[in-house]
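Work through the exercises below with the sequence and the coordinates side by side. Each task is followed by a solution that proceeds step by step.

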Amino acid sequence: MKQRLLSLVLTTSCAMLSWFVAPYALAEELRVLVHNSFSLPKPLLAQFEAQAGVKLSVIKGGDSGELLNKLILTRAQPIADVVFGIDNAQVAKAQAANVIEAYASAPPVRAGAPAVGNGVVAVDYSFVALNYDKAAFAKSGLPLPKTLEELTQPQYRDLLLVQNPATSSPGHVFLLATIAGLGETAAFDWWARMRANGVKVAKGWSEAYYTEFSKNGGTRPLVVSYATSPAAEVFYSKEKITESPTGVLFLKGGVFRQVEGVALIKGGGQHEAAARFIEFMRSPAVQEALQTSMWMFPAEPGTARAEVMRHAVEPASFDSLSSETIAEKDADWVSRWTKMVLK
Amino acid sequence: MLELKGLRKTFHDPSGGDWLLADDLNLTVSAGKTVAILGPSGSGKSTLLKMIAGLEPLDDGRVIFDGKDIDREPPERRGFALMFQDFALFPHLDVQDNVAFGLVEQRVARPLARRRALDLLALFGLSSHAGQKVWKLSGGEQQRVALARALITQPRLLLLDEPFSALDAELRSSLREEFRQRITTAGMTTLLVTHDEVEARSMSARGYRLVDGKLVVLW
Amino acid sequence: MLQKPLFQRLAVGLLPAGFLLVMLAAPVFRLLFEGGASALAGMVGALWQDDYLRWRIVWTFVQAVLTCVVALALGLPVAWVLARYEFSGRTLVLRLLMLPFVVPTLVAALGVLALWGPRGLISGWLGFHLQDTPWLLLYGNLFFNLCVVVRAGVDALAQVSASRVAAARTLGATPWRAFWRVEWPAIAPWLASALSLVFLYCFSGFGLALILGGQRFATVEVEIYTLVAHELKLAEAGALALCMMMLTGGVALLYALVEKRLAAPSRADVIALRRPATLRQGLAVAGAMLVLIVFCAAPLLAIVARAALAGPTAWAVLLEEETRLALGNTLRFSMTALALATVLGLTHALAARHSVWLRASAFLPFVVSPVTVAFGLLLLYPQWTASLPLLVAAYALLAYPFVAKSIGSALDSLPTHLEQAARTLGATPWRSFWRVTLPMIAPALRRGMAFAAATSLGEFAVTLFLSRPEWMTLTTLIYQRLGRPGAANLDGALVLACLLMALALAAFLLIETTQAKAIDNRTQRKINRKKAYHA
């Protein structure tokens, strides 16, 4: 009896094994590498598959920094044909590693309009800036800081929460924002004083925003997040609310415009379908949908704004760095930051 | 008739030093006869039986049965039965299935094999234990089950390795007599190894002693 | 000449050996030499010069040693109580000690956070939490490893010869002295073996350290992950991985050596259990149970409690399509991986009987971290990165050592002459394996499969790298939920953790049935007794 049971288990196991290891038929497939925040309504993607006549295989490659690293690691034999999620802070690194193939029919870039550059077609953008918990500030009676400098003062001790630039893309661009806004020397001086004033470092944006931010049960009322986050708070709120429980502070040296784009991967296949995917990402349907699925502003001018996006403001001005400067100094800045703030 | 010709075997001791277990060893066991080989523990008697059964490779020499060279045959094709010193009963099977084991290997259907095992067990006075797990039996009972298991396929040669050493003195002598009768009745060609000369003399017509890899005639 | 030549006996080992080569050795070498061999050599020296990395290495070592020390200090008394006293529920406790082995890392980490995290049950009471302190990781380590030490201790103490202890007592030793002079030397090898396992788990741990370590108290494995995934410093990552492998390899070798010594025949005269008679003995039993509850049961209870309190909206997550998809994937991947792991484990164990090297290689998947393997695979087989066979093979790689180890020790204790007896009764080698060996090792096979199933169900590290969205498993879904807005998602994650835990438990109970185990134990004891008698 026992023996029969055992043989049954073994035969079924072997049968299942052969079923799975047997090569499965590959349909005409477009492999799209995306970052973890990629999200679009399923009907939209299905519609694209039907129109382009390919099966979409969406591969999530981690946060946008990890995504690019994966591309670089596997450039000998790319894991995908087209990539979404390369931003203006990383595009030079991607260029240097030679993993992007310029898209020939890229639209012309207008002055001042969000762009990524180097053959990457802009899809959406947002601003990384400080978010604050309205209730916490109302309760403590503390005035909102008007400059980054004020945050180094004792009354703002143990309030700010940032992400590690080495492991988080908003954390990374926030470091770039301080350098762009204050200048390299002053920026690192500011970080040194912030360390003394109790800045807290989280590994990634999710940990920071959803566990350490006071709005979500943590202890810190100031967090590095996006200009669009307050709109998301309204959208996901359990009760119906007319005003966001969080707000955004656009301080000098604390704002960075992050523009994300889609690009062809060098050595990838399916060029025609990949080009169609790039156009698809720029299409009005996607540009409208991404606002409430990825919480970004649409890069295509003239796209209708989602109703809830009125809770997301854009800053009047912001500083930026050229992608060449970033490419040249970024690694040094990040390791200097790690030594200064973490060690 | 079993013949061993020029058997040679060196035993490799893992703790260093090789020693000669069989050195140009010759032996004949005539059909239907019982032959005993005496020797102290550790003299290599058990290994000799395993070489005959095909469980242990030879360095040199020939094993011949009824005129046929069999030293390339695997153990299951030799049709010999080896009764192990501690019986080697299968703990996951009951008494009846233990006895029926060899018949099932000869492609006898299991229900029929079990019935024939039961018949043999009855002959051995063990029918009441047929459904029991083997480790619930006493030493003497386990011994009888092991013999029944060895005899059921009517092997061409019975190899007994210290068959009574695991039993107490009283049981040993009564069981020895019983075994002698059963083996004689079955007309079995038998090779017995033991360290007990009384046992050897009472069971076998010829006796040898294994000394330095050679056999010396005792009686 | 009937004994087959060595290469023929090892033929069965070609499958696992080839698998290890393709899935483990090649990817690891690929990662190690990504930065160039000469750069690697220079890097190893430079690691120690870097304050930050030196702190990481030192802390990783310290937390592993600390866990060993605390686990021994708490585990040995608990083991002694369980091995010497008879009390109601004792058998149940012994069985429950298996539980942490089948709990997925992610679930355990959630449980620890649910107790001690910023919004944890105990933190709420006490008014402070343990986030960003080393205690969170140490507590998580103890959750998994206290049971390892206790189980090893109970097994070891059960082997202690009653007559030797009695002899020591009649020669004038107090119970305390008798323990140190007779019992301790007898159980020390067992404990050494358990502690080296504990050290290995903690030293090369990834999941717990990733979630509980925070920025400051993460381990080297997390650092390797960060270096490769976020900073693309492959040379440094390779050098770190090399250091780790040399250290873990050394400990694993030590473990293999100690374990070989444990194959000594067991004695028949076991010390009888007695009921606690005095108040002190009663307190000892109560204290032991308290330790187990605080360290092993509390995190699991916390998850269940938090999930139960979350209310129906949180439980509605079970009905979502996403959950159904993840559940389906988890079951599909785990079952396929289990089938593969069973075949690999069985062949590995059989071949390992004839080769010490192959035997030691069963430890390789334990020694080399999933992180290193996953990145190596990514570098070596980029075209297969998002392919199901590679994912399932990686699952099987991590799961099959459990099968191999379990069967290996069963084969060691299997008397060889049983198979020989079957051969003389007319069974071919294959038939005697099928009719004698396999049924006798079946309980061990089932137990190994149970562990392998639980491992696959909770697999996390590899899935993090090699997966694609439509292959979302329960673990990745939980991880994702942790990173989504609001308390509702945290509650959802807790509910999903309950589901995953129940699944692991069900798989375990399904495969390892109580009855089979009881029979196996009795048989084994009988065989041991007979061996002792003949010895």
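**Exercise 1.** What covers the buried residues of α7(A)? Describe the helix, and then its surroundings.

*Solution.* Keep in mind throughout that this is a predicted model. Begin with the length of the helix: α7 of chain A runs over residues 184-196, and its 13 residues, at 1.5 Å a residue, should span 18 Å, so the 19 Å between its end C-alpha atoms agrees with that expectation.

Next, sort the residues by burial, counting as buried any residue with 20 or more other C-beta atoms within 10 Å of its own. By this criterion A187(A), W190(A), W191(A) and M194(A) are buried in α7(A). They cover an arc of only 100 degrees around the axis, and therefore lie on the same side of α7(A). T185(A) and A196(A), on the other side of α7(A), are exposed.

Now look at what lies over the buried residues: the cover includes β6 (160-163), α6 (169-182) and α12 (323-342) of chain A. Finally, follow the chain past the helix, where G198(A) comes after α7(A) with a positive phi, near 85 degrees.

**Exercise 2.** Which residue ranges make up domain 1 and domain 2 of chain A, and how many residues of each domain are in contact with the other?

*Solution.* Start from chain A as a whole, which contains 12 helices and 11 strands and whose C-alpha trace spans about 70 × 65 × 45 Å along its principal axes. Of its 343 residues, 49% count as buried. When contacts in chain A between residues at least 6 apart in sequence are considered, 78% of them join residues at least 24 apart.

Then divide the chain: the domain assignment gives domain 1 as 29-125 + 258-305, and domain 2 as 126-256 + 317-342. The centres of the two domains of chain A, taken over C-alpha atoms, are separated by 26 Å.

Turn last to the boundary, where 16 residues of domain 1 of chain A are in contact with 18 residues of domain 2 of chain A. On the domain 1 side, α3 (64-73) and α4 (91-97) of chain A each supply at least two residues, and α4(A) gives the largest share, 4 residues. By class, this side of domain 1 of chain A has 8 nonpolar, 6 polar and 2 charged residues.

**Exercise 3.** Between which chains are the most contacts found, and how far apart are the closest C-alpha atoms of chain A and chain B?

*Solution.* Among the 2 pairs of chains that touch, chains A and C have the most contacts. Chain A and chain B, by contrast, are joined by no contact, and their closest C-alpha atoms lie 10 Å apart.

Chain B does meet chain C, with 24 residues of chain B in contact with 22 residues of chain C. To the chain B side of this interface, α2 (75-78), β6 (80-83) and α3 (95-105) of chain B each supply at least two residues, and the residues of that side divide into 15 nonpolar, 5 polar and 4 charged.

**Exercise 4.** Which elements of chain C have the lowest and the highest mean pLDDT?

*Solution.* Take the overall scores first: the model has an ipTM of 0.83 and a pTM of 0.76. Chain C averages a pLDDT of 81, with 88% of the residues scoring at least 70. Among the elements of chain C, helix α27 (residues 514-534) has the lowest mean pLDDT, 43, whereas helix α4 (residues 51-84) has the highest, 92. Over residues 514-535 of chain C pLDDT stays under 50, and for this stretch the model has 23 contacts beyond four places in sequence.

Key
Residues are numbered from 1 along each chain as its sequence is written. Chains are lettered from A and ligands numbered from 1 in the order in which they are written. This is a predicted model: local features need pLDDT of at least 70, side-chain atom pairs count only at pLDDT 80 or more; totals for chains, interfaces and linings use all residues. Domain bounds come from an automatic or database domain assignment. Two residues are in contact if their C-beta atoms, placed from the backbone, lie within 7 Å. Ala, Val, Leu, Ile, Met, Phe, Trp, Tyr, Cys and Pro count as nonpolar, Asp, Glu, Lys and Arg as charged, and the others, Gly among them, as polar. pLDDT is the predictor's confidence in each residue, from 0 to 100. A residue is buried if 20 or more other C-beta atoms lie within 10 Å of its own, exposed if 12 or fewer, and partly exposed in between; C-beta atoms are placed from the backbone. The expected span of a helix is 1.5 Å times one less than its number of residues. The arc is that of the directions from the helix axis to the C-beta atoms.
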